[in-house]
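I opened this model to see how its helices pack and which residues sit inside. My notes follow in the order in which I looked things up.

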Amino acid sequence: MTISNKGLDSLLRVSADQKAQLTELQEKSDGVEGKHCDIEQRLAAMETRFNLSTLPGESFLSSQSHASAPSVPSSGRRLFSELDMQARQRYPRADPAALHHPVLRAQALAQHQKYKAQIQAMRTLSARQWSIAGLSGVLGALGDICLIGLPRQPGYLGSEGTRGGWLSNKVRDGINGCISPERRRWFEKMAHVPYDASHSGGLGQAVAGLSPNNHRLKSLGHDPFLGFFFGVKDSMKGQFTAIDAFGKLIVNDMGPGMGLGEALIKQILHLLSDLTTERGLPAPFMSLFQLAPVGKFGEKGETLAAIVTRMYRQNYDLRHFMAMSLPVLGIELLVRIGYFLDQIHEGRFWKEVLKEVFSSKTPKLNRMLLIAHGIAAAANVGKVIISRNILGVNAPQWMTLARYALPELFWQIVGKKQALQGLIDEDFCIIERNFAIRCDLSKKEPFLLN
């Protein structure tokens, strides 16, 4: 019988090494009661450690079941690694499976497979859960295709414009209606900032490609998220941080700075003043693509930075980003509500399930969300291909997919092995504690071998 599982190989190798040590210790025994205790207790610990049933002619202790993977003290992980290293020195080339009785190997393999099945069950979805995830993903995809569509823009110089999706237009018009022209002008007057240059005239260092219709994309201070670092920093230091057409970060000194509190207030007011303008604010992190003037895409051979700049000029801005986020939010709500109802149907207490719904560490729920967002992202690819328009890319959808895909990838590569090793290590921690207790009791009542 061949056993190729590396985790099980380590167990079998350590088991054989421990048994060999006990045999050597017994052969050297001179009848002292302390050594008798050491032999008997280590033998019992070894048998319990591997959680095996009784073999013919050998006495094994009963195993302990594991309902879930417990937390593992660092001492247990350190103990097993030391034992494994020691065992490898004794058996550098031996096949671990050949070091044990065939029945013992079979029992060890069965226990190991039980652990693996237990870990796999933590993320295995039922048919109903698959259906919830699939339906949510399809509905989210339909919302993106039918309600969001492409951002609305007029035609320029005889080119054909786009009408925009119904929901996208509603969001854009709703945001525009929140700030009147008079209030916007007041914001502009009260929130003058040093990073608002729209051309290179008067700058110490010219910013290649800077123009009135893309200066908010070039300036990191205008990013809705990054701006609260770069924009506040620029205001405090009196600077203008921008990315030129060649992907170079350029910092210009613009004059005296201001205090932190004033810089924060002006940052908020300035972003509000630009939000409802014709060009608007760039989508979050969109400015960072200016650092990548690489590649040759499309018929014109545009760089990645040039494509993003063109998208921004065609109203792919923060307002459209917020509209695109609505189908993504809808998927989140549908999946989480579906998971809640599914678990209630399984007979679980609602308060316990509610905690899992709002937790980011619920394995099955995270996998359902990954499936749903994966379906919506795949549909978004089809939307871009059919429309032949890069403006159809749903950035919030892809960002959310990455949020669930990366942890799943880590789990597949590393996480499963760590969880399995956790169960093994916990066995060793329990055995070592039991061994210490038995030896302590034996000092009062020596246990002698027959």
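The entries below go from the whole chain to single residues.

**Overall.** I am working with a predicted model. I counted 15 helices and 2 strands in the chain. Of the 450 residues, 46% are buried. I then took the contacts with a separation of 6 or more, and found that residues 24 or more positions apart account for 72% of them.

**Cores.** I looked for the largest nonpolar core and found one of 21 residues. Met 286, Met 311 and Tyr 316 have the most contacts inside this core. Helices α6 (166-178), α10 (260-275), α11 (304-313) and α12 (318-345) each supply at least two of its residues. A second core, of 19 residues, lies apart from that one and includes Ala 141, Tyr 339, Ile 371 and Ala 372. In soluble globular proteins, nonpolar side chains tend to be buried together.

I followed Met 311 further. With neighbours within four places in sequence left aside, Met 311 is in contact with Met 286, Tyr 316, Ile 390 and Leu 391.

**α5 against α14.** How do the axes of α5 and α14 cross, and at what angle? The axes of α5 (residues 127-148) and α14 (residues 363-387) come within 8 Å and cross at roughly 35°. The crossing is right-handed. On the α5 side I listed the residues that meet α14, among them Trp 130, Ile 132, Gly 134, Gly 137, Val 138 and Ile 145. Their counterparts in α14 include Met 368, Ile 371, Ile 375, Asn 380 and Lys 383.

I picked Ala 141 from helix α5 for a closer look. Ala 141 has a relative accessibility of 7%, so it counts as buried, the limit being under 20%. Leaving out residues up to four places away in sequence, Ala 141 touches Ala 376 and Ala 379. Both of these alanines are listed on the α14 side of the helix pair. I also checked Ala 141 against Pro 327: the two are 186 residues apart in sequence, yet their C-alpha atoms are 7.4 Å apart.

**Gln 397.** Is Gln 397 buried or exposed? I found this residue in helix α15 (residues 395-444). Gln 397 is buried, with a relative accessible area of 3%. Beyond residues up to four places away in sequence, Gln 397 touches Val 328, Ile 331, His 373, Ala 376 and Ala 377. Ala 376 is thus also a residue that Ala 141 touches.

**α9 and its rings.** In helix α9 (residues 227-237) I marked Gly 227, Phe 230, Gly 231, Val 232, Lys 233, Asp 234 and Ser 235 as buried. The cover over these buried residues includes β1 (239-243) and α10. Just after α9, Gly 238 takes a positive phi of about 65°.

I then went through the aromatic pairs, of which the structure holds 4. The rings of Phe 229 and Phe 230 have centres 5.0 Å apart and planes at 85°, so this pair is edge-to-face. Phe 229 is exposed, with a relative accessible area of 54%, whereas Phe 230 is among the buried residues of α9.

I also looked for a charge over a ring. Arg 123 lies over the face of Trp 411, at 4.1 Å from the ring centre.

**Loops.** Which loop holds Phe 285? Phe 285 is in the loop between α10 and α11. Its phi is near 65°, a positive value in a residue other than glycine. Phe 285 is partly exposed, at a relative accessible area of 32%.

Asn 315 also has a positive phi without being glycine, near 75°. I placed Asn 315 in the loop between α11 and α12. Asn 315 is buried, with a relative accessible area of 7%.

The last loop residue I checked was Pro 212, between α7 (181-190) and α8 (215-218). Pro 212 is exposed, with a relative accessible area of 58%. The C-alpha atoms of Pro 212 and His 199 are separated by 6.6 Å, and the two residues are 13 apart along the chain.

Terms used: Residues are numbered from 1 along each chain as its sequence is written. This is a predicted model: local features need pLDDT of at least 70, side-chain atom pairs count only at pLDDT 80 or more; totals for chains, interfaces and linings use all residues. Side-chain values use heavy atoms; hydrogens and water are left out. Rings of Phe, Tyr and Trp (its six-membered ring) pair if their centres lie within 6.5 Å; planes under 30 degrees apart count as stacked, over 60 as edge-to-face and the rest as tilted. Buried means under 20% relative accessible area, exposed over 50%, partly exposed in between (1.4 Å probe, protein chains only). A charge sits over a ring if NZ of Lys or CZ of Arg is within 6 Å of the ring centre and within 35 degrees of the ring normal. A nonpolar core is a set of buried Ala, Val, Leu, Ile, Met, Phe, Trp, Tyr and Cys residues joined through side-chain atoms within 4.5 Å. Helices (H or I, at least four residues) and strands (E, at least two) are DSSP runs, numbered from the N terminus. Contact means heavy atoms within 4.5 Å. Axes are lines fitted to C-alpha atoms, for helices over the stretch in contact, and angles run from 0 to 180 degrees between N-to-C directions. A crossing is left-handed if the near helix is turned anticlockwise from the far one by less than a right angle, and right-handed if clockwise.
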